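The exercises below are meant to be worked with the sequence and the coordinates side by side. Try each task before reading its solution.

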Amino acid sequence: MFETLLVANRGEIAVRVMQACEELGIETVAVYSDADRSAGHVAYADEAYNIGPAPANESYLDGDAILEVADRAGADAIHPGYGFLAENAAFAERVEAAEGITWVGPSSDAMTALGEKTNARRIMQRADVPVVPGTTEPVETAAEVRDLGAEFGYPIAIKAEGGGGGRGMKIVRSDDEVDDALTSAKREGEAYFGNDSVYVEKFLEDPKHVEVQILADEHGTALHLGERDCSLQRRHQKVIEEAPSPALDAGLRDSIGDAARRGVREAGYTNAGTVEFLVEDSQFYFMEVNTRIQVEHTVTEEVTGIDIVREQIRIAAGAELPFAQADVEIDGHAMEFRINAENPAAGFAPTPGTLTAYDPPGGLGVRIDDAIARGDEIAGDYDSMIAKLIVRAPTRERCLERSRRALSQFDVGVETTVPFHRLMLADETFRAGGHTTSYLDQSVEDDD
Ligand SMILES: Nc1ncc2cc(-c3cccc4ccccc34)c(N3CC[C@@H](N)C3)nc2n1
Ligand SMILES: [Ca+2]
C-alpha cells in the first residue's frame, strides 16, 4: 500500500480523497495556490506545499509544479480528483513514467482511447453496446453533414472529438444551419481541446441522462455499481443527481450495467470510471466515458455502501476488488444537491465573498462534503461549487422529504443555489421523476 499520496486538487474532493487516505493509513500531501493558503484541504493534509499564484493554469494545472512537489514530498501516488488534470492523459503519462509514483486512475492509454469520442464509440460497438445513432469516424464537410441529416433525420448533433460535458456540441435542426454549426463546432473543438475533429449523432430531443459507475481492478475484474440519473441539468451543469434512476426498471438496470461492464472491459479500462448513456423509450444508447471520479460519485456510495475513492486507491496499489458483482446491492435512494456560490435570482452569477455564516444540516441520512468554514473567503478563481449536500433514505419519496428538511436547515452566508434546490423539491415534474435533460433549459426562464 502507498505510504504518501499527493492530492492534485482542492476543495471538497481533495478533503474526500484525504479522508479515504486517512482510513487506509496513508500520509497526505496537499498542494495549494496563493488564493488557497488558508483553505480547508490545506489544513486537513499532513503536509502542504504552495504551487503558485491563484490562476489555475499557474497552479492546479501546472504539471511541472505538482510533480516537483511529489518528488520533494516523497509521494508514491497522485490522485487528481475531478477537473484540473484529472482527464489529462499527457499528465497521467508523465506520472506513469516517473519512477516510484503511481497515478490513481485509469492508464493514460485508456484515457486517450476513450477521450477520442469516435474511438470510444467504435470500442463500444465491438462490445455490442448500443451507441447513439451517428458516425464512428470524424466528418469533414458540410455536404457530409447534410447527407447525415437526411439519413438520420433532423435534429442532429455535431460534437467535438475531444469534447464532453456539452462543450463543442452544436444542435442542427435543418440543412441551412449546417455550415455555421460545423464551423463553430470545429473552432470550439480546436479552442477547448486542441482537436478540431468533429462527428455527428442523431440528437435525441428528450432523453434521460443515465450514467453507470464502474470499478475495474488490474486483475481483469470489472464491476458496475449501479446507475445515477443526471437528467436535471442547466446549461450542461448538473444540478441534482440521484441513484437509482427513476427512469429504469430492474430489467433495464441489469442490461445497462452489463453493457457498461462489457464496454470498459473491451477498452482495457481500470480504476473508477463512468459510462454515460442517454435513455429514451426504454432504450439506452452509449454517449461517452468519463475517465475520472465524478462529483456525484457520492450518491452511488450512499446506496451501495462502497467507498469508491478507497477502492480507487487500493486498485492503483495493485489490490484485487474485495467483492464480486453479486455482492453489489442497491439499497435505498440518494440525492446530491450541488451547493454553488451563485445567485439563482441573478442568472446563477457567481457570488464570491466572505462566508459570514455557514451552518450545514445534519441528522439521519444527511452527508455534507465540503472544505469550507464560517469566515472563509470564497475565491472567485475556481469552480463555484462550495459544498455538496447528499441525502439518503429508504425510498425516493422519503429522500424528497428528508432533502426538503435538510435544505430548510442549510444556512450559508453568501447567495447560493440552496433556494433553487428548495424550489426544485416543490416541482411536480421533478418530484415525479419525469424530468428529462431539456426540462430546466425549457421551463426555468433565466432572468439574464
Ligand atoms: N445525440 C445526443 N442527443 C441528445 C443529447 C443530450 C445531451 C444532454 C445531456 C444532458 C443535459 C443536456 C442539456 C441540454 C442539451 C443536451 C443535454 C448531450 N450531452 C450533454 C453534454 C454531453 N454529455 C452530451 N448529448 C446528446 N447527444
Ligand atoms: Ca510511475
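Helices (H or I, at least four residues) and strands (E, at least two) are DSSP runs, numbered from the N terminus. With these labels, Pro-244 is placed in the loop between strand E11 (237–243) and helix H9 (250–266). The model is a predicted one, with a mean pLDDT of 96 for the chain and 99% of its residues at 70 or more. For the complex, the predictor gives an ipTM of 0.95 and a pTM of 0.96.

**Exercise 1. Find the cis peptide bonds that precede Pro-155 and Pro-244, and state where these prolines lie.**

Step 1. Tyr-154 and Pro-155 are joined by a cis peptide bond with omega about 0°, and Pro-155 sits in the loop between helix H7 (142–152) and strand E6 (156–164).

Step 2. From Ala-243 to Pro-244 the peptide bond is again cis, omega being near -10°, and the loop that holds Pro-244 runs between E11 and H9.

Step 3. As background, most peptide bonds are trans.

**Exercise 2. Compare the settings of His-236 and Asn-271, each a residue other than glycine with a positive phi.**

Step 1. His-236 has a phi near 70° and belongs to the loop between strand E10 (222–234) and E11, whereas Asn-271, with phi near 80°, belongs to strand E12.

Step 2. Buried means under 20% relative accessible area, and partly exposed lies between that value and 50%. His-236 is therefore partly exposed, because its relative accessible area is 41%, while Asn-271 is buried, because its relative accessibility is 0%.

Step 3. Thr-274, which also lies in strand E12, is buried because its relative accessible area is 0%, and its side chain makes a polar contact of 3.1 Å with the side chain of Arg-228.

**Exercise 3. Describe how the protein surrounds ligand 1.**

Step 1. Ligand 1 is surrounded by 18 residues, the closest being Lys-159, Gly-166, Glu-201, Lys-202 and Leu-204; the shell divides into six nonpolar, six polar and six charged residues.

Step 2. Strands E8 (198–202), E12 (271–280) and E13 (283–290) each contribute at least two residues to this shell.

Step 3. For the nitrogen atoms of ligand 1, a backbone N or O atom of Lys-202 lies 2.8 Å from one, a polar backbone atom of Leu-204 is 2.9 Å from one, and a polar side-chain atom of Glu-276 lies 3.5 Å from one. Of the 530 Å² that ligand 1 exposes when taken alone, the protein buries 95%.

**Exercise 4. Which protein atoms are the donors of the calcium ion (ligand 2), and are Val-95 and Glu-96 buried or partly exposed?**

Step 1. The donors are the O atoms of Val-95, Glu-96, Ala-98 and Ile-101, which lie 2.3 to 2.7 Å from the ion, and their spacing along the chain is V-E-x1-A-x2-I.

Step 2. Val-95 is buried because its relative accessibility is 0%, whereas Glu-96 is partly exposed because its relative accessible area is 37%.

**Exercise 5. Why is helix H11 (residues 308–316) described as largely enclosed by the rest of the structure?**

Step 1. Eight of the nine residues of H11 are buried, so the helix is largely enclosed; among the buried residues are Glu-311, Gln-312 and Arg-314.

Step 2. At the N-terminal end, Asp-307 caps H11, with a side-chain oxygen 3.2 Å from the backbone nitrogen of Val-309.

Step 3. Gly-318, with a positive phi near 95°, follows H11.

Conventions:
Residues numbered from 1 in each chain as written. Chains lettered and ligands numbered in written order. Heavy atoms only, no water. Donors = N, O, S within 2.8 Å, 3.2 Å for Na, K, Ca; no water. Buried < 20%, exposed > 50% of the residue type's maximum accessible area, 1.4 Å probe, protein only. Near = heavy atom within 4 Å. Polar contact = N/O pair within 3.5 Å; in protein donor to acceptor, adjacent residues only side chain to side chain. Areas by Shrake-Rupley, 256 points an atom, 1.4 Å probe, with all protein chains shown as cover. Nonpolar A, V, L, I, M, F, W, Y, C, P; charged D, E, K, R; others polar. pLDDT = per-residue confidence, 0-100.
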